[in-house]
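Work through the exercises below with the sequence and the 3D view open. Try each task before reading its solution.

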Amino acid sequence: MFLFLVIALAVVVAAVTLAVVGGGEGTGPLPEAAPERLHDPLPEDRPVDRSDVDRLRFPLAARGYRMADVDDALNRLAAELAERDARITDLESALAHAQAPAASHVSMDKQAPEDER
């Protein structure tokens, strides 16, 4: 019985060794896998909106996400947000300047009837 187990173990070890060592002959090394890229990147022809960000999915790499894809998307979003913030600031400033003369006209109109009394 013991002899049978030793022979069976030797056959299994030999089969595994042949499969590992001899299995790759004639085929050469494995080809390099093409890196995954974003399937639906952020649009280039218009500003990014909420639905674009909701659809954005980064492909997985060997150790998580591809840093270049994540960095590109975050840089694009940061630039567009900075541009929008600057535009909002400009519009708020223009609105404040437009409302200031109107407010002074209203206060002068209210004072005129009081002076006439």
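**Exercise 1. Place arginine 76 and list its contacts.**

Solution. Arginine 76 sits in helix 3. Keep in mind that this model is predicted. Next, set aside the neighbours within four places in sequence; arginine 76 then contacts Leu42, Pro43, Glu44, Arg46 and Val48. One polar approach involves Arg46: its backbone oxygen is 3.2 Å from a polar atom of the arginine 76 side chain.

**Exercise 2. Find the salt bridge between arginine 76 and glutamate 44, and say which parts of the chain it links.**

Solution. Start with the distance. The closest N and O atoms of arginine 76 and glutamate 44 are 4.0 Å apart. The cut-off for a salt bridge is within 4 Å, and the pair is counted as one. Now locate the partners. Arginine 76 belongs to helix 3 (residues 67-116), while glutamate 44 is in the loop between helix 1 (2-22) and helix 2 (50-55). The two are 32 residues apart, and the pair links distant parts of the chain. Then check the exposure of the acid. Glutamate 44 has a relative accessible area of 72%, so this residue is classed as exposed. Finally, widen the view: a network of salt bridges links Glu44, Arg76, Glu80 and Arg84. The whole structure holds seven salt bridges.

**Exercise 3. Which two salt bridges does aspartate 52 form with arginine 46 and arginine 55? Classify the three residues by exposure.**

Solution. Take arginine 46 to begin with. Its side chain meets that of aspartate 52 in a salt bridge, 2.7 Å from N to O. Turn to arginine 55. Its side chain also meets aspartate 52 in a salt bridge, with an N to O distance of 2.7 Å. Arginine 55 and aspartate 52 both belong to helix 2, three residues apart, or about one turn of the helix. A general point applies here. Side chains of opposite charge can pair when their charged atoms come close.

Now classify. Buried means under 20% relative accessible area. Aspartate 52 has 4%, so it is buried. Arginine 46 has 36% and is therefore partly exposed. Arginine 55, at 45%, is partly exposed too.

**Exercise 4. Which residues make up the largest nonpolar core? Then trace the contacts of leucine 77.**

Solution. The largest nonpolar core has five residues: Leu42, Val48, Leu56, Ala73 and Leu77. Leave out residues up to four places away in sequence. Leucine 77 then touches Leu42, Val48 and Val53. In soluble globular proteins, nonpolar side chains tend to be buried together.

**Exercise 5. Find the nonpolar surface patch that includes valine 20.**

Solution. Valine 20 lies in helix 1. Its relative accessible area is 64%, so valine 20 counts as exposed. The patch is formed by Val12, Val16, Val20 and Val21. Together these valines have about 390 Å² of accessible area.

**Exercise 6. Summarise the protein chain as a whole.**

Solution. Count the elements: three helices and two strands. Read them in sequence order: the pattern is α-α-β-β-α. Check burial: 10% of the 117 residues count as buried. Look at the surface: the accessible area is about 10,300 Å², with 64% of it belonging to carbon and sulfur atoms. Last, take the contacts with a separation of 6 or more. Residues 24 or more positions apart account for 49% of them.

Definitions and conventions:
Residues numbered from 1 in each chain as written. Predicted model: local features only at pLDDT ≥ 70, side-chain atom pairs only at ≥ 80, totals over all residues. Heavy atoms only, no water. Helix = DSSP H or I, 4+ residues; strand = E, 2+ residues; numbered from the N terminus. Buried < 20%, exposed > 50% of the residue type's maximum accessible area, 1.4 Å probe, protein only. Polar contact = N/O pair within 3.5 Å; in protein donor to acceptor, adjacent residues only side chain to side chain. Contact = heavy atoms within 4.5 Å. Core = buried A, V, L, I, M, F, W, Y, C linked by side-chain atoms within 4.5 Å. Patch = residues over 30% accessible without salt bridge, like charges linked within 9 Å, V, L, I, M, F, W, Y side chains within 5 Å. Areas by Shrake-Rupley, 256 points an atom, 1.4 Å probe, with all protein chains shown as cover.
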